[in-house]
Amino acid sequence: MPAIRIVAAEGIDRRACRMLLPDKPGVVGWSQLLVAKDAATGAILGAAKGMPVRMESSQFQLRIAVHVPKPFRRRGVATALIDHLAGHAREQGFQSLAVLLEPEDRDAALPFLSARGFQTVDRMTTFEARVERMAAWLFERRRWLIDRGEIPATARIVPLSEAPIDAVAELHARSIGGVAPRIAASLTELARSSDGRDTVVLLIDGVVGGYHHCDSKGDLSMTHALAVTEDLRGGGAGSGWAGLLLLADRVEEGIRRGVVRSRFSCLSTVRPTLRLANIFEADIVSIGEYLCRDLVR
Ligand SMILES: CC(C)(COP(=O)(O)OP(=O)(O)OC[C@H]1O[C@@H](n2cnc3c(N)ncnc32)[C@H](O)[C@@H]1OP(=O)(O)O)[C@@H](O)C(=O)NCCC(=O)NCCS
């Protein structure tokens, strides 16, 4: 078996890493890109990447993804990549490694992940709701919030291309995960492309209060990220007007464009989104698994 060398993916290796592990739409902020090489020939044997993700407890996990092409499997390549990521993560004070496993990857990946000490700790449910149903509730609730004077007069929703991207990236990193400069680079690219036309930012007196990263294809729209600053969140004393305004705005625009259904996902710990799924009478489209491996010894 060849000796395996793990290196940070730079230059041409970075391109190889991206080809083996293409970014899923909306999942931005991967910061640790690695490739595994045959120590003798330099041939690339596999790739991995990591992204810090904030947990409900405010601690950080390192979310990872690994891919080893078929001819190089069962030689310890993925194990070497994960060990490398785990070493760094431990040094940087992360509590655990995490993998989000889509249903279609489950059968192929689960034996490996179980062998490497990962355990399923949560599930990621993807919902789909009819926008008509969402509109009925969101527009009524928005009217009520406006009438009660909850929404500041200076609040406005602008396209991503007109927003301060660095502040949006900071909000994403703080609330969802990822490394802000990497997220800013992805969002800058997104703002310039036609895929970015559906992503909007809430500004209050010009300051970022929230953002909604979504896109639509045909009659289906997909939310990739929805985040509002800590002071504007619902629950407790807050009415949650900011998140609601962002959702209502996208539903309104979606209806104008012929969107019929809207898709969104969340872990079972994200109660506000589960509550909305319930209000919107959303169907469950798929359930992915969230697996973790503790790093604290
Ligand atoms: C899952 C994957 C990364 C494993 O890569 P790999 O380099 O073959 O993994 P390793 O050689 O390090 O395997 C380590 C151990 O995991 C277990 N394992 C790995 N693949 C397995 C399989 N197909 N069936 C059963 N056990 C398996 C074994 O215990 C293995 O040790 P062994 O070969 O000494 O028995 C690879 O199959 C892959 O890229 N799959 C597609 C992408 C994917 O699903 N990624 C995982 C989600 S992040």
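## Helices H4 and H7

In this predicted model, helix H4, which covers residues 131-147, and helix H7, which covers residues 241-256, have axes that come within 9 Å of each other and cross at roughly 135 degrees. Because angles over 145 degrees count as roughly antiparallel and those from 65 to 115 as roughly perpendicular, with the rest outside the roughly parallel range called oblique, H4 and H7 are oblique to each other. Their crossing is left-handed.

On the H4 side, the residues that meet H7 are Val131, Met134, Ala135, Leu138, Phe139, Arg141, Arg142 and Leu145, while H7 brings Trp241, Leu244, Leu245, Leu247, Ala248, Val251, Gly254 and Ile255. Sorted by class, the residues of this contact are 13 nonpolar, one polar and two charged.

## Helices H5 and H6

A second pair is formed by helix H5, residues 165-175, and helix H6, residues 180-192, whose axes lie 8 Å apart and make an angle of about 125 degrees. That angle therefore makes H5 oblique to H6, and the crossing of these two helices is right-handed.

From H5, the contact uses Ile165, Asp166, Val168, Ala169, Glu170, His172 and Ala173, and from H6 it uses Ala180, Ile183, Ala184, Leu187, Thr188 and Ala191. The residues of the contact between H5 and H6 comprise nine nonpolar, two polar and two charged ones.

## The two domains

The protein is divided into domain 1, spanning residues 4-94, and domain 2, spanning residues 125-287. Taken over C-alpha atoms, the centres of domain 1 and domain 2 are separated by 30 Å.

Where the domains touch, twelve residues of domain 1 and 16 residues of domain 2 take part in the contact. Strand S3, residues 44-54, supplies four residues, the largest share of the side of domain 1 that touches domain 2. By class, the residues on that side of domain 1 are six nonpolar, three polar and three charged.

## Around the ligand

The ligand has 19 residues around it, and those that come nearest are Arg73, Ala78, Thr79, Ala109 and Pro111. Strand S4 (60-67), helix H2 (77-91) and helix H3 (106-115) each contribute at least two residues to this shell, with H3 giving the most, namely five residues.

When the shell around the ligand is sorted by class, eleven of its residues are nonpolar, four are polar and four are charged.

Conventions. Residues numbered from 1 in each chain as written. Predicted model: local features only at pLDDT ≥ 70, side-chain atom pairs only at ≥ 80, totals over all residues. Near = placed C-beta within 6 Å. Nonpolar A, V, L, I, M, F, W, Y, C, P; charged D, E, K, R; others polar. Axes fitted to C-alpha atoms, helices over the stretch in contact; angles between N-to-C directions. Parallel < 35°, antiparallel > 145°, perpendicular 65-115°, else oblique. Left-handed = near helix turned anticlockwise from the far one by under 90°. Contact = placed C-beta atoms within 7 Å. Domains from an automatic or database assignment.
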